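Please take a moment to look over the sequence and the structure shown here before reading on.

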Amino acid sequence: ARVAHLGLILLMLGSWFILGRWMGAGYCPITDWHFRFRRRMGAERPSGPYIKLVLDRLTGRDLDRARIDRATLVITLALGTVSLVLTILDRLW
């Protein structure tokens with residue numbers, strides 16, 4: 001599962017930074033699909049990313065988007081680094 005996890009993180013980062021050059025920073029096709037589905041169900045498109053939508057709903061507050069974006073990036077890079085290191089160590093042992 002470690003290799004699959006690393007692959008998914010790399011795909012997500014690729015989406016954010018490569019597709020994001022044309023679609024907007026932090027673009028995620030799965031989030032795009034989800035927001036389209038929500039719109040068809042009658043919900044308004046949220047003003048920010050999916051993670052902000054979830055955290056706002058969980059906390060009942062309107063959290064700062066920039067802080068959420070930074071935290072998301074830092075956590076994702078940290079998890080990607082751990083995943084990469086563990087995958088390499090698995091291959092060496």
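The paragraphs below walk through one helix, its aromatic rings and a residue elsewhere in the chain.

It should be kept in mind throughout that this is a predicted model. A good place to begin is helix 2, which runs over residues 29-40 and has twelve residues. From its first C-alpha to its last this helix reaches 17 Å, which is close to the 16 Å expected at 1.5 Å a residue. Just after helix 2 comes glycine 42, which takes a positive phi of about 100 degrees.

Which residues of helix 2 are buried? They are Asp32, Phe35 and Arg38. Because these residues cover an arc of only 125 degrees around the axis, they lie on the same side of helix 2. A general feature of helices helps here: an α-helix has 3.6 residues a turn, so residues three or four places apart point the same way. The buried residues of helix 2 pack against helix 3, which spans 50-59, whereas on the other side of helix 2 the residues Ile30, Trp33 and Arg40 are exposed.

The aromatic rings can be considered next, and the count of aromatic pairs comes to two. In one pair, the rings of tryptophan 33 and phenylalanine 37 have their centres 6.1 Å apart and their planes at 20 degrees, and since planes under 30 degrees apart count as stacked, this pair is stacked. Tryptophan 33 and phenylalanine 37 are four residues apart in helix 2, so about one helical turn separates them. With a relative accessible area of 58%, tryptophan 33 is exposed, while phenylalanine 37, at 41% relative accessibility, counts as partly exposed.

Phenylalanine 35 and tyrosine 50 also form an aromatic pair, and this one is tilted, with 6.5 Å from centre to centre and 50 degrees between the planes. The pair links distant parts of the chain, since phenylalanine 35 belongs to helix 2 and tyrosine 50 to helix 3, 15 residues apart. Phenylalanine 35 is buried, with a relative accessible area of 3%, whereas tyrosine 50 counts as partly exposed at 36% relative accessibility.

Finally, the reader may turn to threonine 87, whose place is in helix 4, formed by residues 65-92. Is threonine 87 buried or exposed? Its relative accessible area is 10%, and because buried means under 20%, threonine 87 counts as buried. When residues up to four places away in sequence are not counted, threonine 87 touches Arg2, Val3 and Leu6.

Key:
Residues numbered from 1 in each chain as written. Predicted model: local features only at pLDDT ≥ 70, side-chain atom pairs only at ≥ 80, totals over all residues. Heavy atoms only, no water. Helix = DSSP H or I, 4+ residues; strand = E, 2+ residues; numbered from the N terminus. Expected span 1.5 Å × (residues − 1). Buried < 20%, exposed > 50% of the residue type's maximum accessible area, 1.4 Å probe, protein only. Arc of directions from axis to C-beta. Contact = heavy atoms within 4.5 Å. Phe/Tyr/Trp six-rings, centres within 6.5 Å; stacked < 30°, edge-to-face > 60°.
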